[in-house]
Each structure stands twice: as structure tokens, then as C-alpha cells.
Amino acid sequence: MAAPEEQDLTQEQTEKLLQFQDLTGIDSMEQCRLALEQHNWNMEAAVQDRLNEQEGVPSVFNPPPSRPLQVNTADHRIYSYVVSRPQPRGLLGWGYYLIMLPFRFTYYTILDIFRFALRFIRPDPRSRVTDPVGDIVSFMHSFEEKYGRAHPVFYQGTYSQALSDAKRELRFLLVYLHGDDHQDSDEFCRNALCAPEVISLINSRMLFWACSTNKPEGYRVSQALRENTYPFLAMIMLKDRRMTVVGRLEGLIQPDDLINQLTFIMDANQTYLVSERLEREERNQTQVLRQQQDEAYLASLRADQEKERKKREERERKRRKEEEVQQQKLAEERRRQNLQEEKERKLECLPPEPSPDDPDSVKIIFKLPNDSRVERRFHFSQSLTVIHDFLFSLKESPEKFQIEANFPRRVLPCVPSEEWPNPPTLQEAGLSHTEVLFVQDLTDE
């Protein structure tokens, strides 16, 4: 279930929050929300920045200050294998060694003093890494020109990228730092590193990253791994959720010894990779389960929102219907009131009823639709409209009606029309002194 602080998020932000958690594996929803808010809810920027942070790569979108490579080099269980140079043998060998010793000592001493003094005059240009991929490609070309194309497959990317891929793929990463000025580098590359059995082992079981320490990228890695001599190899792997150096090979080593040492290092640490794979599978299953739970929660939330929407619509529909009924009642009440007022007005406007002994009077008996009878006298000179107004003023008469005579059967024009703009008088309509007229209800028509 979502945390309480997520209730105020929009649906789009909630979906981005769950997607970001799925991509980065962060358990805390609050931490996910803060990461997205720092990037203005830009999913791509937030995910890339998080992955860079996890892998020790500088941030692409919000670059932090430079920091050392995220590799654990202080593990006391690191395996180290240092090969010392062979001692001279025989009288001739010792003689040559003793003769060359002063010259060799003088050469390296002067070289070290010169390098040390040069650091105070001009900073080491290798400390500024401007094109790490270019450094790698340049070293590969120079290596192939000098030692041929038969070599382990070089990782064509930066050291940080190699670490990231090794971590993601749960593979061993073998790092080779090439000392161009070291006396053993050429022999190691020609005889050991380019040996077919060494190439086969490296290509089949690990990633291989190499660079010269004369290149800024190689120099930076050299400062991180702190090698003592050359040739230098470091085996790195994911151990206890950190990229850790688990083996170091320093000095000139023969192909068979190199294969044995690399195999020993891998066999000694294979259980960590297996354990990490199991943990990763478990995390993936947990993540899938969390995603399914989140999807179920979102589906339930959408269903609840849909139910609430339907309830609101139903309440609104009932409210509108009640308003319509109320409006109809009010309209009907006004109509009845207006009708009653109109009846009263018609009744007040009726002329007085003639007396029975008036020779010009007409006695009319009205038969209403409800079978009741009404009798009244009218004057021959009065219009048929008076008859209509009289019937209209009665409570029992319908709202709309017409008056029919029986002999001959006809409808009397009591209301003005196109044919009779001015209704005729009773005498003009041909009524006798005594008449029976029928009232026909027209309300429903």
C-alpha cells in the first residue's frame, strides 16, 4: 500500500514513483519521491543519476564533485601474488649483475629524482582525464602494433563502465595496468598475456580491461589500485554488494603460473558470485511481487475511484431528477393557480343571467364529460363566447373543451378562429329557446 504522503500525488506522479522504484530497486517510497522531485519528475534523468551513483560514475545530469572510484581495495581477504625477479646464476651472471648494478642504481635514482622535481615544476598531465575512451582506444592500437592482434578481447570503454558491466553481469573483471617504461612489460605481453591458453581463459570467463599508466585514464586507475610494480593485474568482482579487488598479481609471471593463479582466484571467490546471483534472483522476485502488489493496489484504487465516480454521478442524477420533479410540481401549482384565477376572472366578467320570462332568453342545458348537467339562461343577442366563458368558469369543467349541438350535429364556434374571428351570437348560431349542448373534453389532445 502507498505511504500516506503519496495520497496528494497525481495519478501520473504515482505511476512514475512506482516505475522509478521498479527500475532502481529502492525500498523507501519517500526516498524515491525525493529523488524524482530533485529532477522535476524527469524519469530518465532520475534513473540515470541513480544508476551513476550506484556504480561510482559521475552524475550525468547533476555532476557531483570528483570522487575516487568505488572499488573496495582495503579488503583484508585480498589475494596477492608477487613475483620477484630471478636471481643471477653462475659466475658470469653474478659478474654481469655486479658490473651493471651501479649503472642501474644511478639510472633509476636520477630518473626518480627527475620525476619528483618535475612534479613541483609542472603538474602531472595524466591527472586530468579528458577523453577516457580515447585513452583506451589509443592503448589498444599501440598494443596491437607492438604485440599483434592475438590478445585477449579488450573492453572498449572506461574503467567505470567496465565496473558497471561486471557488476550487472556478475562476472569477474581482470584489470591490466601496462607500465611502458618497465623492463618486464614487453616480455609479459609477448609471452604470457598473448599466449593462446591465457587468451582462451580470459575471453571465456571474465571481462578484460587494460590501459597504459602513461594515459590519464590508466594513471587514474593506477592511483586507485595502488600497484607496487609491473606487470600488474587485479581481479575485481561483486562481493558483499561492493566491487572488490579479490586478487592482485604483480611482477613478471609465466603463462602456466598466470593461468593457475587466475583460476585459483576465481575458484576461491566463485561462491560469492553464486550467492549474489541467488540474492539477485530473490530481489528480482521480491521486486516483481512488489510490482504486482503495487499494480493490484493501483487497480483497486482505480476501481474505488470508479465506484466513487459512479456514486457521485448517481447522486447528481437523483438530485437533478428531484429538482426536475420539484420544478414540475411548482410549474403545475402555478398553472393550477393561474387556471383558477382565470376561471374567477371569467366568472366575474359574465353578464347577468336573464329572467325566465324574458322572451329573448335561451335556456341551455349542458351535459358535461362527467355526466353531470348544468343549466343556465343566456340572451339571444349574446355571443357564443359567453357560453364558453360560463363553462370555463365551472370547477367541474375540463381545461380544454368544445361545445357540440345535436340537431343538426355540429361544433359551435365559441372561440375565435380563422374561420370565425368573431364568434356568432346564439341567435346567429341557430339556437332555439331551449337547447341541450354537449361539452367534449379536449384536454388530452
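How much area does the protein chain expose, and what share of it do carbon and sulfur atoms supply? The chain exposes about 27,400 Å², and carbon and sulfur atoms supply 52% of that; the areas come from the Shrake-Rupley method with a 1.4 Å probe, and for residues only the protein chains shown count as cover. Keep in mind that this is a predicted model, where local features need pLDDT of at least 70 and side-chain atom pairs count only at pLDDT 80 or more, while totals for chains, interfaces and linings use all residues. Residues are numbered from 1 along each chain as its sequence is written, and side-chain values use heavy atoms, with hydrogens and water left out.

Now the overall layout. The chain's secondary structure comes to eleven helices and ten strands, taken as DSSP runs numbered from the N terminus (H or I, at least four residues, for helices; E, at least two, for strands). Of its 445 residues, 39% count as buried, meaning under 20% relative accessible area, with exposed over 50% and partly exposed in between (1.4 Å probe, protein chains only).

For a closer look, take glutamine 291, which sits in helix H10 (residues 255-349). Glutamine 291 is partly exposed, because its relative accessibility is 32%. Its C-alpha lies 8.7 Å from that of glutamine 19, although the two are 272 residues apart in sequence.

On to the cysteines. The whole structure has zero disulfides, a disulfide being a pair of cysteine sulfur atoms within 2.5 Å. For cysteine 189, the nearest cysteine sulfur belongs to cysteine 194, 6.4 Å away. Cysteine 189 is buried, at 0% relative accessible area, and cysteine 211 counts as buried at 0% too.
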